[in-house]
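Visitor: I am new to this structure. Could you show it to me and take some questions?

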Amino acid sequence: MEFKREKVNVSGVALGTWAMGGEDWGPVDDNNSISTVHAALEHGINFIDTAPFYGFGRAEEIVGKAIKGKRDKYFLATKCGLLWPDGRAQKNLTEASIVFELEHSLRRMGVDYIDLYLTHWPDDKVSLEETYGTLASLKKQGKIKHVGVCNVGGELLEKIDKITPVACVQNEYSFLKPKPGDEVFDYCRENGIGFLAYGPLAGGILTGKYDKEPGFSKSDTRSYFYRFYRGDAFAKARAAAEKFKKTAAKYKTSAAAVALAWTMEQRDFIVPLAGAKTPQQVAQNAQALTLKLTHEDISFLNG
């Protein structure tokens, strides 16, 4: 991946750790999560993405345990700007809050610096100058190496980039939801900014494991964050998943790998960010690193 014309040593697929927080994606075992982070590196994935909000600090603590003694082998991304004073998300990108969050993230993970520090969501109650001036200062102090932004459009990205260089954008982007990426692709290409695509498996549905609507509980993130599990949206998603499964059979790989490879094929600066709860899942995702789809494959999937 290229960050502001600077090459960084990151894998072509990143591991997402939201599910490891254990609050939003059903039950999860901490030891299994640690094994998953270890398995990622074994399969060539060194890019780990987490956030304080994932399990209210639990995901960061798990990542910290997993990378202990191996810090230099991982490229570590985490975020700021979401607090949970009453158990609910509250945006806060003030200087004081960012400094507070970063110190706690460093402590939870047992590290001295963060490779990529991203603002989780825009906060229109705080000036861009305060937020990104603070991040620029933390970068000068060596506590963060690169500044990133999540969930932004092209116009906001350009404004932020003028305050401090943005190294990477993290937006939702998948076969089922391509528009959030398209808004910023031109700017990213013109300015050497990386793009970390979250949700490339559309909440897991593009793996092809759901033959019928799963009926997740209201507390499960898949029931509301990724809106592909009900009605016509589910039918459309399942039809797409069948195409990914058929292409996967052709290459004797996983449907997840095909979905991630499709994402990577869209732009050469995209890294798909895929969550995993088990070593087996991350191994399937890692198959995308060596999978090369043909023009015929892309046409079939897009058709």
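Visitor: How many bridges join strand β8 to strand β9?

Guide: This is a predicted model. In it, β8 covers residues 114–119 and β9 covers residues 144–150. The two strands run parallel. The number of bridges joining them is five.

Visitor: Which residue in β9 does Leu 118 stand opposite?

Guide: Strands of a sheet pair through backbone hydrogen bonds, either parallel or antiparallel. For β8 and β9, the pairing is parallel. Opposite Leu 118, in β9, stands Gly 148.

Visitor: In what order do the eight strands close into a barrel?

Guide: β8 and β9 are neighbours in that order, and the barrel's pairing is parallel. From one strand to the next, the twist averages 25°. The full order is β3-β4-β5-β8-β9-β10-β11-β12.

Visitor: Are α1 and α2 oblique or roughly parallel to each other?

Guide: Two packed helices are described by the angle between their axes and the distance between the axes. Helix α1 spans residues 30–42, and helix α2 spans residues 58–67. Their axes come within 9 Å and cross at roughly 55°. Angles under 35 degrees count as roughly parallel and 65 to 115 as roughly perpendicular, so this pair is oblique.

Visitor: Is the crossing of α1 and α2 left-handed or right-handed?

Guide: The angle alone, roughly 55°, leaves the hand open. The crossing of these two helices is right-handed.

Visitor: How are α7 and α10 oriented to each other?

Guide: Helix α7 (residues 231–251) packs against helix α10 (residues 295–302) with the axes 9 Å apart. Their angle is about 160°. α7 passes α10 in a right-handed crossing. Angles over 145 degrees count as roughly antiparallel, so α7 and α10 are roughly antiparallel.

Visitor: What volume does the second largest pocket have?

Guide: Its lining has 17 residues, with Met 1, Glu 2, Asp 268, Phe 269 and Ile 270 nearest the centre. α6 (179–191) and β12 (270–275) each supply at least two residues of that lining. The volume of the second largest pocket is about 240 Å³.

Visitor: How many residues of that pocket's lining are nonpolar?

Guide: The lining is a mix of three classes. Six residues are charged and three are polar. The nonpolar residues number eight.

Conventions. Residues are numbered from 1 along each chain as its sequence is written. This is a predicted model: local features need pLDDT of at least 70, side-chain atom pairs count only at pLDDT 80 or more; totals for chains, interfaces and linings use all residues. Side-chain values use heavy atoms; hydrogens and water are left out. On a 1 Å grid over the protein atoms alone, a cavity is a set of points where a 1.4 Å probe fits but cannot get out, and a pocket is an open set with protein on both sides within 12 Å along at least five of seven lines; lining residues have an atom within 4 Å of a point. Grid points are joined across faces, edges and corners, and a volume is the space filled by probe spheres set on the points. Helices (H or I, at least four residues) and strands (E, at least two) are DSSP runs, numbered from the N terminus. Ala, Val, Leu, Ile, Met, Phe, Trp, Tyr, Cys and Pro count as nonpolar, Asp, Glu, Lys and Arg as charged, and the others, Gly among them, as polar. Two strands pair if DSSP finds at least two bridges between them. Axes are lines fitted to C-alpha atoms, for helices over the stretch in contact, and angles run from 0 to 180 degrees between N-to-C directions. A crossing is left-handed if the near helix is turned anticlockwise from the far one by less than a right angle, and right-handed if clockwise.
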